[in-house]
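Me: I would like to go through this predicted model with you, taking the packing of its helices before its charged contacts. Could we work by question and answer?

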Amino acid sequence: MRRSVGELFKRHGRQLLVYLRGKAGANDAPDLLQETFIRALRRGGLEAMPDPEAFLQ
């Protein structure tokens, strides 16, 4: 099953944002969330990742 980075964001974005708020604070969390998904795209998208959910962690 092919999944897009957008689908991964929809499924895990809010959870990751909450996690990042706890680690980095409310001001930096949105930027870190964006950077996480930009890195996923730069790596070639989900097809290049054996476990996209683990990448988010």
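What follows is a short exchange on helix packing and on salt bridges.

Me: Is helix 1 parallel, antiparallel, perpendicular or oblique to helix 2?
Reply: Helix 1, residues 5-24, packs on helix 2, residues 29-42, with the axes 8 Å apart and at an angle of about 140 degrees. Roughly antiparallel would need an angle over 145 degrees, and roughly perpendicular covers 65 to 115 degrees. The angle falls in neither range, so helix 1 is, relative to helix 2, oblique.

Me: How many charged residues does the contact of helix 1 with helix 2 have?
Reply: Helix 1 passes helix 2 in a right-handed crossing. The contact is made by residues of both helices, including Leu-8, Phe-9, Gly-13 and Arg-21 of helix 1 and Leu-33, Thr-36 and Phe-37 of helix 2. Sorted by class, these contact residues comprise 14 nonpolar and 2 polar ones, and the number of charged residues is 1.

Me: With which residue does Glu-35 form a salt bridge?
Reply: The search of the whole structure finds 1 salt bridge. Its closest N and O atoms are 3.2 Å apart, where the cut-off is 4 Å. The two residues both lie in helix 2, 4 residues apart, which is about one turn of the helix. The partner of Glu-35 is Arg-39.

Me: Is Arg-39 buried, partly exposed or exposed?
Reply: Its partner Glu-35 has a relative accessible area of 28% and is partly exposed. For Arg-39 the relative accessibility is 49%, and exposed would require over 50%, so Arg-39 counts as partly exposed.

Conventions:
Residues numbered from 1 in each chain as written. Predicted model: local features only at pLDDT ≥ 70, side-chain atom pairs only at ≥ 80, totals over all residues. Heavy atoms only, no water. Axes fitted to C-alpha atoms, helices over the stretch in contact; angles between N-to-C directions. Parallel < 35°, antiparallel > 145°, perpendicular 65-115°, else oblique. Left-handed = near helix turned anticlockwise from the far one by under 90°. Contact = heavy atoms within 4.5 Å. Nonpolar A, V, L, I, M, F, W, Y, C, P; charged D, E, K, R; others polar. Salt bridge = Lys/Arg side-chain N within 4 Å of Asp/Glu carboxyl O. Buried < 20%, exposed > 50% of the residue type's maximum accessible area, 1.4 Å probe, protein only.
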